[in-house]
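Work through the exercises below with the model open. Each task is followed by a stepwise solution.

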Protein chains: 2
Amino acid sequence: MSAAERILERDGIQALTLRATARAAGVSHAAPASHFGDLTGLLSELAALGYRRFGKAVFEAMEAAGEDPRARMKAMGRAYVGFARKHPGLFSLMYRSERLDPARPALRDAIAEARSALRAAASARAQEQPLPPLQTAAQSAALWALVHGFAVLLIDGRLSALIASLPGEEGADTLLEAVLATARVGE
Amino acid sequence: MSAAERILERDGIQALTLRATARAAGVSHAAPASHFGDLTGLLSELAALGYRRFGKAVFEAMEAAGEDPRARMKAMGRAYVGFARKHPGLFSLMYRSERLDPARPALRDAIAEARSALRAAASARAQEQPLPPLQTAAQSAALWALVHGFAVLLIDGRLSALIASLPGEEGADTLLEAVLATARVGE
DNA sequence: GAGCTGATCTTGACGCTGGTAAGATTGGGT
DNA sequence: ACCCAATCTTACCAGCGTCAAGATCAGCTC
């Protein structure tokens, strides 16, 4: 399991095979299959581990941000993108749903936990200023789409040209701050 | 090539293999490899085709939207998400960069063409109201991240719970319109 | 203590995959 | 008539996921 994570972050998702995991763990090639059922099982358990870490990171960041809704939303965005940058392989796996089994209990629970952490970013704001259902849903979707899209594009290197065009030594962090400040979601 | 696209949209990206393409095209299993070099070559050519279509769709939608910068940005968003919904397999492939070869001329050119189409969404606005470089970059990144994130989450089914919670018969289109209206990027 | 039982792992096989090498076929240009 | 480049076929290799059968062993029951 930790061997699998090592392979994932070092060699990427396409190198994460049952047999490679077995080699890294020093067991025979069929041992992982007996644990996890099949490759989808291994990937799903690993993704579940990722979701638990992810949900925890987001939750803690929002706790530390205090009560102000906008501060919470920004903290959520930083934690979201920060997790993707810190664990790009894991993050990619978590959103590679065609290789995961969402019915697996560990994964299902971990996703539900992470989603409740994300929902907490928007709920404080919704409480403060009630809106029609469509606007509430649109705010949630917009915030999620913004940070998810930023994370995906960033770890895929597709923002590097934009970052390189920035004046001075500014990097991805600066761009993210500017994006969170510029996109005044829901105001 | 058209056989490959058929397989991609029907059976998904993991079923798109050299041998399956060869079978669908009625040739021997090694024929595709001699055309495209290797699997990465085939996928890259297919992604290039996708980028050309994508750039064209975005460009035409923005042409039809007139001169108003906000209308152009909304049209870009609709075209972006619309393309992803219409060709989910192709769209996924285009952003699966670990399986593509960006050095392949066809793909490199097609990406450059599509990016220039996207850039045109923000350039009109930048001309009208000059801003510091960081703000300009942040607006571009925010718009791109918003629509890309929405498209990715949508075709992965991750917005379905949110959409199901909408009142009445509202679907993804309504949510997208609300998101584009809510997220007043750069205002 | 003897025997069973379930978990864990090994071994070996199957068909699938991508990739390579060598040769066949063919159609156009000199 | 010749050649040559493109296209395809055939045959093979290693790696992969998956399955079935058996080995090993700790822990529990009688």
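**Exercise 1.** Determine what share of the contacts in chain A with a separation of 6 or more joins residues 24 or more positions apart.

Solution. Step 1: take two residues as in contact if their C-beta atoms, placed from the backbone, lie within 7 Å. Step 2: among contacts in chain A with a separation of 6 or more, 62% link residues 24 or more positions apart. Step 3: this is a predicted model, where local features need pLDDT of at least 70 and side-chain atom pairs count only at pLDDT 80 or more, while totals for chains, interfaces and linings use all residues. Residues are numbered from 1 along each chain as its sequence is written, with chains lettered from A and ligands numbered from 1 in the order in which they are written.

**Exercise 2.** Describe the secondary structure of chain A.

Solution. Step 1: assign helices (H or I, at least four residues) and strands (E, at least two) as DSSP runs, numbered from the N terminus. Step 2: chain A then has 10 helices and zero strands.

**Exercise 3.** Analyse the contact between chain B and chain A.

Solution. Step 1: each side is counted, giving 37 residues from chain B and 37 residues from chain A. Step 2: on the side of chain B, helix 8 (133-155) and helix 10 (172-182) each give two or more residues. Step 3: helix 8 of chain B supplies the largest share of that side, 17 residues.

**Exercise 4.** Which residues are closest to DNA strand C?

Solution. Step 1: call a residue near a strand if its C-beta atom, placed from the backbone, lies within 6 Å of it. Step 2: 16 residues surround DNA strand C, the closest being A:Val27, A:Ser28, A:Ala30, B:Thr17 and B:Asp38.
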